[in-house]
Amino acid sequence: MRRRAAFTFLHHARLSRCRFTSDASRVSLAPLRVHADDARERDKAYVDRRRVRAVGGFGGSGCVSFARDGGSRRRRGADGGDGGRGGDAVITACGRTKGLGEIKNLLMGGRGKPGGSQGMIGSRGEDAIATVPLGTVVWRERFEDDGEHPDVVDTSNWGTSTPVAMNDDDGDGDGGASTSTRREGGWTRPRGLGRGAWEIVADLTAEGQTCVLAAGGRGGKGNRRMPVGKEAGTREPGEPGEEGSYVLELKSVADVGLIGLPNAGKSTLLRALSNATPRVGSYAFTTMQPQLGAIERSNGTSITVADIPGLIKGAHENRGLGHNFLRHIERCEAFAYIVDVSCGDSVKPWDALDVLRKELEEYLPGLSSRPAFVVATKTDLPNTSRALKTLRERAKPLRVYAVSALTRDGTDAVRAAIDEFGGDKDGWA
Ligand SMILES: Nc1nc2c(ncn2[C@@H]2O[C@H](COP(=O)(O)OP(=O)(O)OP(=O)(O)O)[C@@H](O)[C@H]2O)c(=O)[nH]1
Ligand SMILES: [Mg+2]
């Protein structure tokens, strides 16, 4: 009896999200403080790639109907209306959407309504609309001549393959699929997919931009369209909608990317420069997803700066968070290399800079030649001046800005540099 009472109590306690104090005789019913955990869960749930099957809705069937004369039973003529068109499967870009986690695996338009008597056309099926973040690239799988079916594509190696650039001769050795990719010249695949032929059908970078993944089917004709003869008593069924297999891949849209080893102080710097509030912590990989911040410019426009998760040696081979975030670097027009000059992690700042540039270049050739500057952080800590001097020598011809994001010393110069970049995109080259 006592055991049962204890169980009931525990059950209720869990439901009401209360917590127990260390003193077993007293139970605190204060709600759990879950904010930090929620933020961590949100980061973990961040999804920046999604496989979606899109199906347009079935068209409604046409109607068989005959008009009748007043009270008599004599037929006056066929008047059955057409069925309504099936709904489309659509995605639309929205700045407030942060990831692809909310997208369902199956996006299916609604069925069109059947036609009615007196020539009434059935209403259109409802569109299935999913919102995606700005910067979503839409890949569509193409059927091969050999009849390869989309469902046999192996997704187990997602995030592990080497980069596949446009017009790339990706020698992953899977014979036919690679050949067909090269044959079309512009074809390529979503990163990490080893098989199948894929093409980019849309790149949604502007608010409200939409892409119809699968159009709804046509509604069937009613007998009004075939009013004479035998056919007057027939109707057409609705047609099925289009179908397609898609991969949605998010590549953040930012003008400037903050690139650095874990713990270098990227998030702290973004906090100091903009109104963004990324999480800061004294441990590696505090930031698990790209964070965007806007920096106001003197001319009233703004520049978007992305805080990218920490990059480590071997990231281009998918070490650390690897390709999951390197993908977000691709679109940045310029980079700020963030290096810690306090040598807190015993990595020399100039070595860190070499690692960062090398990883970018290994990931996508040409990336490290984009306009860039260096930010030496944590200058408030002791014994940083010698390291800073050597860094300036070794980083040439890149400019080096010394800052303490904590005390905000030197952050105005960084903001001015970003402002200057916006006016003249080759400003730092
Ligand atoms: N003294 C000092 N500490 C700093 C400065 N900038 C950052 N820190 C500290 O360095 C630690 C890491 O800072 P973050 O901003 O989280 O570093 P991060 O580069 O974003 O790290 P990841 O997200 O893990 O890659 C935190 O404990 C910060 O308080 C600085 O200018 N001076
Ligand atoms: Mg961070």
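Student: What makes the pair formed by a nitrogen atom of ligand 1 and the side chain of Asp380 a polar contact?

Tutor: In this predicted model, the nitrogen atom is 2.8 Å from an N or O atom in the Asp380 side chain. A polar contact is a pair of N or O atoms within 3.5 Å (within protein, one must be able to donate a hydrogen and the other to accept it, and residues adjacent in sequence count only if both atoms are side-chain atoms). The value of 2.8 Å is within 3.5 Å, so the pair qualifies. Residues are numbered from 1 along each chain as its sequence is written, while chains are lettered from A and ligands numbered from 1 in the order in which they are written. Local features need pLDDT of at least 70, side-chain atom pairs count only at pLDDT 80 or more, totals for chains, interfaces and linings use all residues, and side-chain values use heavy atoms, with hydrogens and water left out.

Student: Which backbone atoms also make polar contacts with ligand 1?

Tutor: An oxygen atom of the ligand is 3.0 Å from a polar backbone atom of Asn263, and an oxygen atom of the ligand is 3.4 Å from one of Leu406.

Student: Why is Glu249 called buried?

Tutor: Buried means under 20% relative accessible area, exposed over 50% and partly exposed in between (1.4 Å probe, protein chains only). Glu249 has 1%, so it counts as buried. Its side chain joins that of Trp139 in a polar contact of 3.1 Å. Ala417, in helix 8 (residues 411-423), is also buried, because its relative accessible area is 1%.

Student: How do you know that strand 1 and strand 10 pair?

Tutor: Two strands pair if DSSP finds at least two bridges between them. Strand 1 (residues 49-55) and strand 10 have 7 bridges, in the antiparallel sense, so the criterion is met. Ala54 stands opposite Gly244 of strand 10, and Glu249 is also placed in strand 10 (residues 243-250).

Student: What makes strands 5 and 8 edge strands?

Tutor: The open sheet has 5 strands in the order 5-1-10-7-8, with mixed pairing. Strand 5 (106-108) and strand 8 (197-204) each have a single partner strand, so one side of each lacks a neighbour in the sheet. From one strand to the next, the twist averages 30°.

Student: How confident is the predictor in the protein chain?

Tutor: On the pLDDT scale, the predictor's confidence in each residue from 0 to 100, the chain has a mean of 74, and 70% of its residues reach 70 or more. Values stay under 50 over residues 1-36 and over residues 146-187.

Technical notes
Helix = DSSP H or I, 4+ residues; strand = E, 2+ residues; numbered from the N terminus. Contact = heavy atoms within 4.5 Å. Axes fitted to C-alpha atoms, helices over the stretch in contact; angles between N-to-C directions.
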